[in-house]
Amino acid sequence: MENTKRARKEKSRIRPSGETYVEPKDLVSGLERVREAARRDSHIRFTSLFHHITVDLLRESYLRLNPKAAPGVDDVTWAEYGDGLESRIADLHDRVHNGRYRAKPSKRTYVPKDDGRQRPIGIAALEDKIVQHAVVQLLTQIYEGVFLGFSYGFRPGRSVHDALDAIWVGITRRKVNWIVDADVRNFFGELDHKGLVKFLGHRVGDPRILRLIEKWLRAGVSEEGEWSRTVVGTPQGAVISPMLANVYLHYVLDLWVQQWRRECAKGEVIIVRYADDFVMGFQYREDAERLQKELEERMQQFGLEMNSEKTRLIEFGRFAINNRAKRGEGKPETFDFLGFTHICAKTRKDGYFTVRRKSIAKRFRRKVKEVGEKLNRMRHAPVPDQGKWLRSVIQGFYNYHAVPGNRGALEAFRALLARSWFQSLRRRSQKARSLKWERMRRIIDKWLPHPRILHPYPNQRLGVIHPR
């Protein structure tokens, strides 16, 4: 019922002019025909897809883009493109179908990583985003029927918290004693173009679609006005990149692991993948060590490399606490996955094994620092404006991190930001230094939401989505 309501809601979009836009029936039925054909035959190769890139699909793709996203090398914003949208979309459709469409290079920018390094992000030009989104809609109809159940990243109806639920339930309910915490070195930067197009060709037989994708792969990147060619990789941040990553890893990793655990494993094996981030659980150490070795060889065959510094085999599961205590080795090691540190623990009431999750400390501290610095910069803004902004930041943190067992991080986040806000307000002027904590507490209680757990226990939510 909830999915049906969500689907109905998503069929309505708001135009830049403020009018409500409803998907044309022809657009929906066209995509449904592709999806039904893919469901009926898991080996079907689609040789005629290009005609599905219609004016309606391009318009719908534009309306689904993030209106606040940064512009690419074209310096065209979402709102600017919406001025005269119909003529722009018609012209874009004509250029795509007549072969006059040219992909622009991605604008390279950087965001900080947890280890202090910079992660390169590619921002595509607006028209490239529109056409990429349209192609993603087509590929989604084809591949949703073949992607495996343990693949969660950037798929409709699957979220980060679904992947977190799956790994929690897998560890607590299956025979998992060892964890391989895997990391692929620079996956998006090393993805092999020829291999990707070959994999796509297994299901996509329309050369015009493949040529579009090759245009984006070869468009290069622009950094401070300097263009550079790309012979491998796909820009992290591009609309098309998550889909291409899922297709590539479906053939390189997912199908291989599924066959390996069916034919080679002596015990139980679980895997949960979100884009290029995945965790595997094993009943026996022998299986874990063997797969880890063969995984490195498998990745090398397709131009990828496992990050030996971050890929670890750790003892983790229901027997890890007692087994390590007997050997005098201390508490079991932890692993990080999708923003949370996973810890072997026991329930307070019954002493049963459970997996405790808490926000990753490095990311937590970095977020607190970033918000504190912004508060200091906007300290002269009216207090209600600061309060509304800070409330949205804290609520956004709760929306993601408010999982059972993580209440301490929620309380700490609110307390630390409240303290930062107090200090920034006292720096406004000499008079502001007289602000007392008693008065500040009333301001905090007015604007900052109190923490509460928003997500159910993983076994409850996963049981509703996947009853079996």
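Visitor: What makes α3 and α6 roughly perpendicular to each other?

Guide: In this predicted model, α3 and α6 pack at an angle of about 110°, with their axes 8 Å apart. Angles of 65 to 115 degrees count as roughly perpendicular, and the value for α3 and α6 therefore earns them that description. The crossing of these two helices, α3 and α6, is right-handed.

Visitor: Which residues of α3 and α6 meet?

Guide: From α3 come Leu57, Leu58, Ser61, Tyr62 and Arg64, and from α6 come Leu126, Ile130, Val131, His133, Ala134 and Gln137. By character, the residues of this contact divide into seven nonpolar, three polar and one charged.

Visitor: Why is the pair of glutamate 86 and arginine 59 called a salt bridge?

Guide: The closest N and O atoms of glutamate 86 and arginine 59 are 3.0 Å apart. The criterion asks for a side-chain nitrogen of Lys or Arg within 4 Å of a carboxyl oxygen of Asp or Glu, so the pair of glutamate 86 and arginine 59 qualifies. The structure holds 26 salt bridges.

Visitor: Which parts does the pair of glutamate 86 and arginine 59 tie together?

Guide: Glutamate 86 belongs to helix α5 (residues 85-98) and arginine 59 to helix α3 (residues 55-64), so the salt bridge ties together parts that are 27 residues apart in sequence.

Visitor: How do you know whether glutamate 86 and arginine 59 are buried or partly exposed?

Guide: Buried means under 20% relative accessible area, and partly exposed lies between that cut-off and the exposed class, which is over 50%. Glutamate 86, at 35% relative accessibility, is therefore partly exposed. Arginine 59 has a relative accessible area of 9% and is therefore buried.

Visitor: How do you know that arginine 95 forms a salt bridge with glutamate 127?

Guide: Their closest N and O atoms are 2.9 Å apart, which is within the 4 Å limit. Arginine 95 lies in helix α5 and glutamate 127 in helix α6 (residues 126-143), so this pair ties together parts that are 32 residues apart in sequence. Both arginine 95 and glutamate 127 are buried.

Visitor: What makes the meeting of glutamate 333 and arginine 312 a salt bridge?

Guide: The N to O distance between the side chains of glutamate 333 and arginine 312 is 3.2 Å, again within 4 Å. Glutamate 333 lies in the loop between α13 (320-326) and β11 (335-337), and arginine 312 in strand β10 (residues 312-315), so the pair ties together parts that are 21 residues apart in sequence. Glutamate 333 has a relative accessibility of 38% and counts as partly exposed. Arginine 312 is also partly exposed, with a relative accessible area of 27%.

Visitor: Which residues are linked in a network of salt bridges?

Guide: Glu315, Arg324, Arg327 and Glu329 are linked in such a network.

Visitor: Why is threonine 354 called buried?

Guide: Threonine 354 has a relative accessible area of 16%, and the class of buried residues takes values under 20%, so threonine 354 is called buried. Threonine 354 is placed in strand β13 (residues 353-359). Leaving out residues up to four places away in sequence, threonine 354 touches Trp168, Thr172, Ile343, Cys344, Ala345, Lys346 and Thr347.

Visitor: What makes asparagine 246 buried?

Guide: The relative accessible area of asparagine 246 is 2%, and values under 20% count as buried; asparagine 246 is therefore in that class. Asparagine 246 lies in helix α11 (residues 241-263). Beyond its neighbours within four places in sequence, asparagine 246 is in contact with residues including Phe147, Phe154, Arg155 and Arg273.

Visitor: What is notable about phi of asparagine 186 and of leucine 338?

Guide: Most residues other than glycine have a negative phi. Phi of asparagine 186, however, is near 45°, a positive value, and phi of leucine 338 is near 55°, also positive. Asparagine 186 lies in the loop between β5 (178-183) and α8 (187-190), whereas leucine 338 lies in the loop between β11 and β12 (340-346).

Visitor: How do you know whether asparagine 186 and leucine 338 are buried or partly exposed?

Guide: Asparagine 186, at 44% relative accessibility, counts as partly exposed. Leucine 338 has a relative accessibility of 12% and counts as buried.

Conventions
Residues numbered from 1 in each chain as written. Predicted model: local features only at pLDDT ≥ 70, side-chain atom pairs only at ≥ 80, totals over all residues. Heavy atoms only, no water. Helix = DSSP H or I, 4+ residues; strand = E, 2+ residues; numbered from the N terminus. Buried < 20%, exposed > 50% of the residue type's maximum accessible area, 1.4 Å probe, protein only. Contact = heavy atoms within 4.5 Å. Axes fitted to C-alpha atoms, helices over the stretch in contact; angles between N-to-C directions. Parallel < 35°, antiparallel > 145°, perpendicular 65-115°, else oblique. Left-handed = near helix turned anticlockwise from the far one by under 90°. Nonpolar A, V, L, I, M, F, W, Y, C, P; charged D, E, K, R; others polar.
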